[in-house]
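This briefing goes through selected local features of one protein chain. The topics are the main pocket, one strand residue, the salt bridges and the backbone exceptions.

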Amino acid sequence: MHFNIISLFPEFFDSPLSAALMGKARQSGILAVDFFNPRDHTTDNHHSVDDRPYGGGPGMVMLLDPLVQSLRSITPESARGRILVMAPSGEPFCQAKARQWALEKHLTLVCGRYEGIDARLADLFDIEYVNVGDAVLNGGETAALHIIEAVSRLVPGFMGKEESGDDESFSAGLLEYPHYTRPEAFEGHAVPEILRSGDHARIAAWRHEKSLQATLRVRPALLAEAPLNQKDAAYLDLQPRRRLGRNLNIALLHYPVIIEGKNSGCSSLTNLDIHDIARSSCTYGLGGFYVASPLDDQMQVLADILHHWTAGAGGRGNADRKKAFSVVRPVRLLEDAVADLAARTGQQPLLLGTSARWADGKDKVPQLSPSGVRQWLEHSPVLLILGTGHGLAPEVLALCDGIMRPIRYLDGYNHLSVRAAAAIVADRILGDIY
């Protein structure tokens, strides 16, 4: 593996590329590293490599010509390999990319500085922007080291034991299990008995379970892509975790909603909405599902439906549907739902509205992403308000503490049924974990 590093500060790499396995790999010829300094390709007395940005703004931008000449000085052209530019705007670096790039013969890493690199570099070369984490660094050198080490250790011959690169964090989509070595006991803390048993099958199962536990506790989002099986899912379901869904409640509002044009009014209750949203509420472990209508005849219809599926023939014949309908709470108005939720939880709930309209910058109520709602759920009960008809009336949205972003806003058509929207929003907020 041959690395080309373009950097204004090649001395930054002296120690890390000479130490431990990295140094041994370079000495043995498994790795080769060449440095190219853009300052060597400047023509003015000050060896300038940056200038002010067009359009104004703070900071400086790396000049294009020294970077271009540095890249062109890598000959033949095939010796450049993939050209990777360290940038916060790049694609996230991960173990899968490390594995892919370890198969390359050459990699060129461009380390930016200042406010960034002249964007026309991408017009002149086939480059890939790479991001090693959502944090701001002084320059790309630290990020380049991150990539060099992750890729190098997967190159054949780099590791003392080839399989060591496979049995580690992220390689199987999970965080790594805990490790122990001698002594067996230290200040009252013993090595787990199973690791001393000699039973390799039990040890492998224990390690896998510990990896599942660690991932669920520290990086639960990884589980969405991890290669899990039914046994893994059953094991995870038994583990303690933050069940944020208990703080999330739904209110299906039939008044006041938009019914025609921009007019507010009252819509009719729909059997399917109640069935499907109740099932979604139960599936995602929500705190409750309020169905609100001020009309007597509509409340009677709701009472009949609930009786059928909880105390009547429907409930006796379908236990799953009975369980789903157990979360339904009939109320007349939104304020009744808010009062009931506050009484049940001992906290005033935050009101989260829904709308198919994207914010225009003039809205006083903030639009929230799913992660923003999860932050709310960490500390407070939340009432997610769904509107029937053509959506919630403006006076309801004005009462909300926040409004969910539209589910779809890039492709024009955005006319989901309220029951479909309820399921999608619940899944985006809670997923499989929360």
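Which element gives the largest share of the lining of the largest pocket? That element is α15, with three residues. The model is a predicted one, and the points below are grouped by topic.

**Largest pocket**

- The space in the largest pocket comes to about 1,000 Å³.
- Its lining is made up of 37 residues, and those nearest the centre of the pocket are T354, S355, A356, H390 and G391.
- Two or more lining residues come from each of β17 (382-387), α14 (394-397), β18 (402-404) and α15.
- Sorted by class, the lining of the largest pocket holds 17 nonpolar, 15 polar and five charged residues.

**T108 and its surroundings**

- T108 sits in strand β6, which covers residues 106-110.
- T108 counts as buried because its relative accessibility is 0%, and the cut-off for buried is under 20%.
- The side chain of T108 makes a polar contact of 3.0 Å with the side chain of N4.
- Beyond its neighbours within four places in sequence, T108 is in contact with N4, I6, L71, I74, A79, R80, R82, I83 and L84.

**Salt bridges**

- The whole structure has 14 salt bridges.
- One of them is formed by the side chains of E128 and R82, with an N to O distance of 2.7 Å.
- This pair links distant parts of the chain: E128 belongs to strand β7 (residues 127-131) and R82 to strand β5 (residues 82-92), and the two are 46 residues apart.
- E128 counts as partly exposed, since its relative accessibility is 26%.
- R82 thus appears twice here, as a salt-bridge partner of E128 and as a contact of T108.
- E91 and K97 also meet through their side chains in a salt bridge, at 3.2 Å from N to O.
- K97 has a relative accessible area of 18% and is therefore buried, the limit being under 20%.
- A further salt bridge joins the side chains of R419 and D273 at 2.8 Å, N to O.
- Here too, distant parts of the chain are linked, with R419 in helix α15 (residues 418-430), D273 in helix α8 (residues 271-283) and their positions 146 residues apart.
- R419 is partly exposed at 25% relative accessibility, whereas D273 is buried, with a relative accessible area of 6%.
- D273, D276, R279 and R419 form one network through salt bridges that share partners.
- Helix α15 holds R419 and also gives three residues to the lining of the largest pocket.

**Backbone exceptions**

- Most peptide bonds are trans, and most residues other than glycine have a negative phi.
- The peptide bond between T75 and P76 is cis, with omega at about -10 degrees.
- P76 lies in the loop between α2 (64-72) and β5.
- Y255 and P256 are likewise joined by a cis peptide bond, with omega near -10 degrees.
- P256 is in the loop between β10 (248-253) and β11 (257-260).
- H47 is not a glycine, but its phi is positive, near 50 degrees.
- The loop between β2 (32-36) and β3 (50-51) contains H47, which is partly exposed with a relative accessible area of 40%.
- Y114, another residue other than glycine, has a positive phi near 60 degrees.
- Y114 is placed in the loop between β6 and α4 (121-124) and counts as partly exposed at 38% relative accessibility.

Key
Residues numbered from 1 in each chain as written. Predicted model: local features only at pLDDT ≥ 70, side-chain atom pairs only at ≥ 80, totals over all residues. Heavy atoms only, no water. Helix = DSSP H or I, 4+ residues; strand = E, 2+ residues; numbered from the N terminus. Buried < 20%, exposed > 50% of the residue type's maximum accessible area, 1.4 Å probe, protein only. Polar contact = N/O pair within 3.5 Å; in protein donor to acceptor, adjacent residues only side chain to side chain. Contact = heavy atoms within 4.5 Å. Salt bridge = Lys/Arg side-chain N within 4 Å of Asp/Glu carboxyl O. 1 Å grid on protein atoms, 1.4 Å probe; cavity = no way out; pocket = protein on both sides within 12 Å on 5 of 7 lines; lining within 4 Å. Points joined across faces, edges and corners; volume = space filled by probe spheres on them. Nonpolar A, V, L, I, M, F, W, Y, C, P; charged D, E, K, R; others polar.
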